[in-house]
Amino acid sequence: MLAWLLICALAATAGALFGRVLVPPARPSAVQRAWSAGRAWRARRVRRPEPDPFATLRVQLRLAELHRELDSLLADTGRYARAHHLRAAQSAYEDQLALACRLAGVEGLDDDTSPAVHRLLAENALRARGWTW
């Protein structure tokens, strides 16, 4: 009796395994094809990471500090090594403007223009996007 039960179980298992291997899979339905196409589209879509609001705030605060420092350097004519301090502050200000433009997604600013014009264009583009400092 036990031998017959074992033979039946073995035959059922073999039939199930060979049936799955030999029988071709069913054609996917229209709903399944649409679902997989949508899933593939979502996987291909490029997502830009959201900018960190605290990084934006830090850049805005640093721009404000550098702007105040530039104003004080321009007003103080008796400062020792004034030209050196002005160049250093302007360089830092321009670096922060470039970082702010990257964070805000400002593109298309020409590098061929003079630094003063480039700085003015970058400031206007950032202010148009709501940046203040």
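Helices are DSSP runs of H or I with at least four residues, numbered from the N terminus. In this predicted model, the protein chain comes to five helices and zero strands, and along the sequence these follow the pattern α-α-α-α-α.

**Overall burial and contacts**

The protein chain has 133 residues, of which 17% count as buried. Where contacts join residues at least 6 apart in sequence, 55% of them link residues at least 24 apart.

**Gln96 in helix α4**

Gln96 has its place in helix α4. Is Gln96 buried or exposed? Its relative accessible area is 17%, and because buried means under 20%, Gln96 counts as buried. Once residues up to four places away in sequence are set aside, Gln96 touches Val59, Arg62, Leu63 and Leu66.

**The largest nonpolar core**

The largest nonpolar core has 16 residues, and those touching the most other members are Leu63, Tyr93, Leu97, Ala100 and Leu126. Two or more residues of this core come from each of α3 (53-75), α4 (82-104) and α5 (115-128). Helix α4 makes the greatest contribution to the core, with six residues.

One of the core residues named above is Tyr93. Apart from neighbours within four places in sequence, Tyr93 is in contact with Leu63, Leu66, His67, Leu70, Arg119, Glu123 and Trp133. Leu63 and Leu66 thus appear among the contacts of Tyr93 and also among those of Gln96. The table sets out the two contact lists, with neighbours up to four places away in sequence left aside.

| Residue | Residues in contact |
|---|---|
| Gln96 | Val59, Arg62, Leu63, Leu66 |
| Tyr93 | Leu63, Leu66, His67, Leu70, Arg119, Glu123, Trp133 |

**Aromatic rings**

Trp133, one of the contacts of Tyr93, also takes part in an arrangement with a charged side chain. Arg127 lies over the face of Trp133, at 4.7 Å from the ring centre. How many aromatic pairs does the structure hold? The number of such pairs is zero. Tyr93 and Trp133 are in contact, yet the structure has zero aromatic pairs, because rings pair if their centres lie within 6.5 Å, whereas contact means heavy atoms within 4.5 Å.

**The largest pocket**

The largest pocket has a volume of about 210 Å³. Its lining consists of 13 residues, and those nearest its centre are Ala98, Leu109, Asp111, His118 and Ala122. Helices α4 and α5 each supply at least two residues of this lining. These helices also each give two or more residues to the largest nonpolar core.

Notes
Residues numbered from 1 in each chain as written. Predicted model: local features only at pLDDT ≥ 70, side-chain atom pairs only at ≥ 80, totals over all residues. Heavy atoms only, no water. Phe/Tyr/Trp six-rings, centres within 6.5 Å; stacked < 30°, edge-to-face > 60°. Lys NZ or Arg CZ within 6 Å of the ring centre and 35° of its normal. Core = buried A, V, L, I, M, F, W, Y, C linked by side-chain atoms within 4.5 Å. Buried < 20%, exposed > 50% of the residue type's maximum accessible area, 1.4 Å probe, protein only. 1 Å grid on protein atoms, 1.4 Å probe; cavity = no way out; pocket = protein on both sides within 12 Å on 5 of 7 lines; lining within 4 Å. Points joined across faces, edges and corners; volume = space filled by probe spheres on them.
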